Amino acid sequence: MRIKICGITQPEQGQAIAALGITTLGFICVERSPRFIAPPHLKDLLATLPRDLHKIGVFVNATLAEIQEIVTLTDLTGVQLHGDESPSFCQVLGQEMPGVELWKALRLKTSESLKVVQDYTPFVDAILLDAYHPQQYGGTGQVLNWADLADFAPPVPWFLAGGLTPGNIGEALKQVQPSGIDLSSGVERSPGDKDLQKVAQLLQVMKNL
Ligand SMILES: O=C(O)c1ccccc1N[C@@H]1O[C@H](COP(=O)(O)O)[C@@H](O)[C@H]1O
């Protein structure tokens with residue numbers, strides 16, 4: 001199962017997490033997030049990481065031009081749209097940025113919110129499900145109602161996110177069958193400061209499942 005650790009801001013922590021065996025790292029390109037990393041710093045950070053890693057930039061309601069500029073400047077291999085981006089925006093982005101992995105994050109208020117998934121799947125490489133928060137777009141530590149997702153099986157890979165921790169991942173994966181998982185606040189000491197022991201603990205739990 002693919003594991004993404006998101007919200008990395010420090011090169012040493014990115015390198016250490018990659019050395020633990022995590023293959024997908026996430027970087028917050030959203031200025032109002034406490035995990036924001038400015039594009040020039042992101043470029044420098046990514047240059048210190050192994051070339052074969054998946055490096056996903058997280059964006060919220062950015063324009064196509066803004067996303068293209070950051071992806072071109074840095075070495076991001078993928079884009080996670082975590083705002084209110086439409087299916088047609090995803091379609092255009094996919095056409096304009098071939099070869100860049102495209103994930104659409106959906107923040108679920110209720111299980112009814114899953115109805116829109118089918119509108120996105122023709123245009124994206126993966127769907128990510130996160131919990132809804134009225135004031136924040138992500139990194140909230142809010143947990144989804146996993147029981148609502150027991151039968152969720154879209155025609156593209158999907159990632160479970162939202163308040164996952166080494167302590168609750170076992171229970172989550174008893175209830176749902178995602179292609180991958182995405183953790184941010186559940187493996188950090190404070191926003192943007194990752195806790196390597198928690199990442200190692202996560203890997204240990206996953207190994208024993
Ligand atoms: O982490 C952030 O600060 C952030 C800001 C804006 C959009 C998305 C963000 N993070 C994403 O939120 C989910 C869940 O995070 P958590 O595990 O509940 O803390 C994850 O997909 C991050 O990529």
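The following dialogue shows how to read selected features of a predicted model.

Visitor: How many helices and strands does the chain have?

Guide: The chain of this predicted model contains seven helices and 10 strands.

Visitor: How are the strands arranged, and in what order?

Guide: One should follow which strand pairs with which. Here eight strands close into a barrel, in the order β1-β2-β3-β4-β5-β6-β7-β8, and the pairing is parallel. Neighbouring strands of this sheet are turned by 25° against each other on average, direction ignored.

Visitor: Which bridges join β2 to β3?

Guide: Strand β2, residues 24–28, runs parallel to strand β3, residues 54–59, and five bridges join them. As one position to locate, Gly26 stands opposite Ile56 in β3.

Visitor: What are the pairings of β6 with β5 and with β7?

Guide: Strand β5, residues 101–108, pairs with β6 in the parallel sense over six bridges. Within that pairing, Trp103 has Ala126 in β6 as its bridge partner. Towards β7, three bridges join the two parallel strands β6 and β7. There Ile127 stands opposite Trp158 in β7.

Visitor: Is β6 mostly covered or mostly open?

Guide: Strand β6 is mostly covered, since five of its six residues are buried. For the chain as a whole, 38% of the 209 residues count as buried.

Visitor: What does the radius of gyration say about the overall form of the chain?

Guide: The value is compared with the one expected for a compact globule. With 209 residues, such a globule would have a radius of gyration near 17 Å; the chain has 16 Å, so the two agree. Along its principal axes, the C-alpha trace spans about 40 × 40 × 30 Å.

Visitor: What share of the contacts joins residues at least 24 apart?

Guide: Among contacts between residues at least 6 apart in sequence, 55% join residues at least 24 apart.

Visitor: Which residues come nearest to the ligand?

Guide: Of the 27 residues around the ligand, those that come nearest are Ser33, Gly138, Gly139, Ser184 and Ser185. The elements that give two or more residues to this shell are β2, β6 (126–131) and β8 (180–183). By class, the shell has 11 nonpolar, 13 polar and three charged residues.

Visitor: Where is Thr140 found, and is Thr140 buried or partly exposed?

Guide: Thr140 is found in the loop between β6 and β7. To judge exposure, one counts the other C-beta atoms within 10 Å, and 20 or more would make a residue buried. Thr140 has 18 such atoms and is therefore partly exposed.

Visitor: Which residues is Thr140 in contact with, apart from its neighbours within four places in sequence?

Guide: With those neighbours left aside, Thr140 is in contact with Ala131 and His133. A distance between C-alpha atoms can also be read: those of Thr140 and Gly186, which are 46 residues apart along the chain, are separated by 9.6 Å.

Visitor: What is the sign of phi in most residues other than glycine?

Guide: Most residues other than glycine have a negative phi. With this in mind, one may examine Asn61. Its phi is near 50°, a positive value in a residue other than glycine.

Visitor: Where is Asn61 found, and how many other C-beta atoms lie within 10 Å of Asn61?

Guide: Asn61 is found in the loop between β3 and α3, where α3 covers residues 64–73. Asn61 has 13 other C-beta atoms within 10 Å, and is therefore partly exposed.

Methods. Residues are numbered from 1 along each chain as its sequence is written. This is a predicted model: local features need pLDDT of at least 70, side-chain atom pairs count only at pLDDT 80 or more; totals for chains, interfaces and linings use all residues. Helices (H or I, at least four residues) and strands (E, at least two) are DSSP runs, numbered from the N terminus. The radius of gyration is taken over C-alpha atoms; the globule rule is 2.2 Å times the number of residues to the power 0.38. A residue is buried if 20 or more other C-beta atoms lie within 10 Å of its own, exposed if 12 or fewer, and partly exposed in between; C-beta atoms are placed from the backbone. Two residues are in contact if their C-beta atoms, placed from the backbone, lie within 7 Å. Two strands pair if DSSP finds at least two bridges between them. Axes are lines fitted to C-alpha atoms, for helices over the stretch in contact, and angles run from 0 to 180 degrees between N-to-C directions. A residue is near a molecule or strand if its C-beta atom, placed from the backbone, lies within 6 Å of it. Ala, Val, Leu, Ile, Met, Phe, Trp, Tyr, Cys and Pro count as nonpolar, Asp, Glu, Lys and Arg as charged, and the others, Gly among them, as polar.
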